[in-house]
Amino acid sequence: MSFGEPEGYDEGARPRPLGRRRRSQAVAAAACLVLGTGLIGGAVTGSWLAGDSGAPGAPRGFVAVRTLWHDVPVDQLFPPTVQGEGAGPGGADRTWTRIAVAPDSGCEDAFDALLRKVLAPVGCERLLRATYTDATQSHVTTVGLLFTEADAAAMTSLARRFDAERLDRRTDLMPLPYAAKDTAAAGFGAGQRATWAISVLTDAPAVVYAVTGWADGRAVDTPQPAEDAMESGATTAPAQAGLGHEAQGLADRVERGLRKKADTVTEQPS
């Protein structure tokens, strides 16, 4: 019969101080702590260099977006033609053609008073807008890019408020359309808004939105958020006409284009 070797002896049965193992364990633990701290620090540094808006300081990618409104041609932010593969009801494809671009401006007259108040905490560096029509010229959609003056913390705070209070679903917070003369959107006013979508970005100082209506200028008594209008079985007129898909589809693709352009600018050598 054999027993395990006592804790306080080495393999030659010679007594050894019991504290040695503890000291070696402590050294190993300290080494792990240093290594772990180094890895965490490296990850934070790498995240910051990659432009992660959640990292301390002023990330390059986040800051780069703020100047895109004057650094990037409008055709790259609002392409003359936007392909919406699978963007329509039932996964149908969509094609949108740009019919007007608003002069870049501030936000003073571009939003209803209440929406302007809600967006005030992030400021307004510049607002770009363009209006599109679908392939049948039955619908018109204004897409907006609001470049804010806010940092990442302020954008995150606003996004959380939108989520918590469902501000993107309130009819009194619908964006205004851009109606251009001598186009299919000439009669696209506040009373013609049918569906809308608003997205507050947290990794860029920008708010993306879209608002849709009929090209014939008909008034809409009960506007519906794009999210609701896209639900299966929705029976409202905007839902049946696919206007929720128009608003959300265009907003999504303009947002993707903004992110892609921001990535390109960030990757360019300084």
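**Strand S4 and its sheet**

Author: Let's start in the middle: in this predicted model, strand S4 and strand S6 (residues 206–214) run antiparallel and are joined by 9 bridges.

Reader: How do you know that S4 and S6 count as paired?

Author: Two strands pair if there are at least two bridges between them. S4 and S6 have 9, so by that cut-off they are a pair. You can look at one facing position yourself: Thr-141 is opposite Thr-212 in S6.

Reader: What makes S3 and S4 a pair, too?

Author: It is the same test, friend: at least two bridges are needed, and strand S3 (residues 126–134) is linked to S4 by 8, in the antiparallel sense. Here Leu-127 faces Leu-146 of S4. The two strands make a hairpin, with 4 residues between them, and Gln-137 in that turn has a positive phi of about 55°.

Reader: Why is S4 described as mostly covered?

Author: A residue is buried when its relative accessible area is under 20%. In S4 (residues 139–147), 9 of 9 residues are buried, so the strand earns the description.

Reader: Which residues of S4 point one way, and which the other?

Author: In a regular strand, side chains alternate between the two faces of the sheet. On S4, His-139, Thr-141, Val-143, Leu-145 and Phe-147 point one way, while Val-140, Thr-142, Gly-144 and Leu-146 point the other way; all are buried.

Reader: What makes S1 and S7 edge strands?

Author: The open sheet has 7 strands with mixed pairing, in the order S1-S2-S3-S4-S6-S5-S7. S1 (81–84) and S7 (224–225) each have a single partner strand, so one side of each has no neighbour in the sheet. For S1, pairing with strand S2 (residues 94–101) is antiparallel over 4 bridges, and Thr-81 has Thr-97 in S2 as its bridge partner.

Reader: Where does helix H6 lie?

Author: H6 (residues 152–165) lies across S6 and strand S5 (195–200), and it runs at about 140° to S5.

Reader: Why is the lining of the largest cavity called nonpolar?

Author: Phe-111, Leu-115, Leu-119, Pro-175, Ile-198, Val-207 and Tyr-209 line the largest cavity. Phe, Leu, Pro, Ile, Val and Tyr count as nonpolar, so the tally is 7 nonpolar, no polar and no charged. Helix H5 (113–119) and S6 each contribute at least two of the lining residues.

Reader: How many cavities of 30 Å³ or more does the search find?

Author: The search of the whole structure finds 1, and the largest cavity holds about 40 Å³ of space.

Notes. Residues are numbered from 1 along each chain as its sequence is written. This is a predicted model: local features need pLDDT of at least 70, side-chain atom pairs count only at pLDDT 80 or more; totals for chains, interfaces and linings use all residues. Side-chain values use heavy atoms; hydrogens and water are left out. Buried means under 20% relative accessible area, exposed over 50%, partly exposed in between (1.4 Å probe, protein chains only). Contact means heavy atoms within 4.5 Å. Axes are lines fitted to C-alpha atoms, for helices over the stretch in contact, and angles run from 0 to 180 degrees between N-to-C directions. On a 1 Å grid over the protein atoms alone, a cavity is a set of points where a 1.4 Å probe fits but cannot get out, and a pocket is an open set with protein on both sides within 12 Å along at least five of seven lines; lining residues have an atom within 4 Å of a point. Grid points are joined across faces, edges and corners, and a volume is the space filled by probe spheres set on the points.
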